[in-house]
Amino acid sequence: MLSVGFRALFRREVLRFVRRPKNTFMPPAITNVLYFAVFGVILGGRIDEIAGYPYILFIVPGLIVLGAISNAFENASFSIFHGRWNEYIHETLTSPLSYAEMVVAYVGASAVRGLVVGIIIAAVGRLFVPIGFEHGLFLIATMVVITALFAGLGIIGGLVARDFDDLTVMNQFILRPLVFFGAVFYSLETFEQGWQVTLSLLNPMVYMVDSVRYGLLGHSDLIGVGVLPAPYADFAPLFALGILTTATGLVLAIDVYLFKIGYGLTD
C-alpha cells in the first residue's frame, strides 16, 4: 500500500502542472495544431502516401512521442532543479520516504504530464485525420514506459544542471533533434542504403516512434527493415518495447542511487 508521504509528494508534483494549464497544456496543443497544419495539410497534400498511410496520419505517432517525452523530461528536470535552487527539496530528503519512493513519485507525476500531453496531441490529430488504435494495450504500455524513461532522465538532468539554461539546452538541443531524426517525418523503408538504416537504428528515438506507430497504425518499420532475423521479424515491436523497458529500469535504478548518495541534492 502506498504510504501517505508518497501520495503527498506525488499529489504535490501533479498539482504543480495541473494548476498552470496555460503553461503546461496549451503550448503543446497550439504547437501541434501548427505541425499538423504545415506538415500534414500543406506539405502532406504534396507528398505521396508513406507505407500505405496518408502522410498526415503517418506523422501523428512521432508528434505524440515528441510532446509526451519532452514534457515528461521537462517536468522532472524542472521539479528537481527548482527544488535544489530554492532548497525546499531538503524537506523531501529528510522525510521518512525511502529513496525509491521519492524517485517513483517524481517520475510518476512527470509521466502523468507526458501522458496527458500525448492524449492532447492525439486529440488535436483527430481534428485533421481519423486515428485508430490497432494495438491498444501495446500502445498504452509503450507510452507508460517511454514517459517514465524520460522522466527518469529528467531527474538526472535536474541533478546535473547548474542553472536554468542547462535545462533548456538538454531539451531543445539534445532531446528534440534526436526525435526529429527518429523517423517522425519519414519511414526507414525509404532509405536505399543499408548504412542509413544502420545509423538510424543507433538512435533510441526510432524505437519509441516505431512502437507508438505500431500501437496506433499497426505498422512497424522495424519489421520492414529486418531488425530481427526473418523467422522472428514480426516480434520486432516487442523487441523494441523490451529494450525500452530495460532502459527505463536502468535509469530509475540510477536515479535511486543518485538520491541515495545525495548527488547534486546538497550543492
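Is Arg 16 buried, partly exposed or exposed? Start with the cut-offs: buried means under 20% relative accessible area, and exposed means over 50%. Arg 16 has 23% relative accessibility, so Arg 16 counts as partly exposed. Keep in mind throughout that this is a predicted model.

**Exercise 1. Trace the salt bridges of Glu 13.**

Task: Find which residues form salt bridges with Glu 13, and describe the network.

Solution.
Step 1. Take Arg 12. Glu 13 forms a salt bridge with Arg 12, and the closest N and O atoms are 2.8 Å apart.
Step 2. Take Arg 16. Its side chain meets that of Glu 13 in a salt bridge of 3.2 Å, N to O.
Step 3. Look at the spacing. Glu 13 and Arg 16 both lie in helix H1 (residues 4-18). They are 3 residues apart, so about one helical turn separates them.
Step 4. Check the exposure. Glu 13 has 1% relative accessibility, so Glu 13 counts as buried. Arg 12 is partly exposed, with a relative accessible area of 32%.

**Exercise 2. Follow a salt bridge between two helices.**

Task: State where Arg 113 and Glu 74 lie, and how exposed each one is.

Solution.
Step 1. Test the distance. The cut-off for a salt bridge is 4 Å. The closest N and O atoms of Arg 113 and Glu 74 are 3.7 Å apart, and the two form a salt bridge.
Step 2. Place the partners. Arg 113 is in helix H6 and Glu 74 is in helix H4. The pair links distant parts of the chain, 39 residues apart.
Step 3. Read the exposure. Arg 113 is buried at 6% relative accessible area. Glu 74 is partly exposed at 36%.
Step 4. Complete the picture. Salt bridges with shared partners join Arg 12, Glu 13 and Arg 16 into one network. A search of the whole structure finds 3 salt bridges.

**Exercise 3. Describe the surroundings of Asn 71.**

Task: Say where Asn 71 lies, whether Asn 71 is buried or exposed, and what its side chain reaches.

Solution.
Step 1. Locate the residue. Asn 71 is part of helix H4 (residues 55-85).
Step 2. Judge the exposure. Its relative accessibility is 7%, so Asn 71 counts as buried.
Step 3. Follow the side chain. The side chain of Asn 71 reaches the backbone oxygen of Gly 67 at 2.8 Å.
Step 4. List the neighbours. Leave out residues up to four places away in sequence. Asn 71 then touches Thr 24, Pro 28, Arg 113, Gly 114 and Val 117. One of these, Arg 113, also forms the salt bridge with Glu 74.

**Exercise 4. Classify two aromatic pairs.**

Task: Decide which arrangement each pair has: Phe 17 with Phe 25, and Phe 36 with Phe 128.

Solution.
Step 1. Choose the quantities. A pair of aromatic rings is described by the distance of the centres and the angle of the planes.
Step 2. Recall the cut-offs. Planes under 30 degrees apart count as stacked, and over 60 as edge-to-face.
Step 3. Note the total. The count comes to 7 aromatic pairs. Among them, Phe 17 and Phe 25 have centres 6.1 Å apart and planes at 85°, an edge-to-face pair. Phe 17 is buried at 2% relative accessibility, and Phe 25 is buried at 16%.
Step 4. Turn to Phe 36 and Phe 128. Their centres are 5.6 Å apart and their planes 25° apart, a stacked pair.
Step 5. Place the stacked pair. Phe 36 lies in helix H3 (residues 26-42). Phe 128 lies in the loop between helix H6 (99-126) and helix H7 (136-160). The pair therefore ties together parts that are 92 residues apart in sequence.
Step 6. Add the exposure. Phe 36 is buried, with 0% relative accessible area. Phe 128 is partly exposed at 31%.

**Exercise 5. Examine two positive phi angles.**

Task: Give the location and exposure of Ala 51 and of Glu 87.

Solution.
Step 1. Take Ala 51. Its phi is near 55°, a positive value in a residue other than glycine. Ala 51 sits in the loop between H3 and H4. At 37% relative accessibility, Ala 51 is partly exposed.
Step 2. Take Glu 87. Its phi is positive, about 65°, and Glu 87 is not a glycine. Glu 87 sits in the loop between H4 and helix H5 (89-93). At 53% relative accessibility, Glu 87 counts as exposed.

Note on methods
Residues are numbered from 1 along each chain as its sequence is written. This is a predicted model: local features need pLDDT of at least 70, side-chain atom pairs count only at pLDDT 80 or more; totals for chains, interfaces and linings use all residues. Side-chain values use heavy atoms; hydrogens and water are left out. Helices (H or I, at least four residues) and strands (E, at least two) are DSSP runs, numbered from the N terminus. Buried means under 20% relative accessible area, exposed over 50%, partly exposed in between (1.4 Å probe, protein chains only). A polar contact is a pair of N or O atoms within 3.5 Å; within protein, one must be able to donate a hydrogen and the other to accept it, and residues adjacent in sequence count only if both atoms are side-chain atoms. Contact means heavy atoms within 4.5 Å. Rings of Phe, Tyr and Trp (its six-membered ring) pair if their centres lie within 6.5 Å; planes under 30 degrees apart count as stacked, over 60 as edge-to-face and the rest as tilted.
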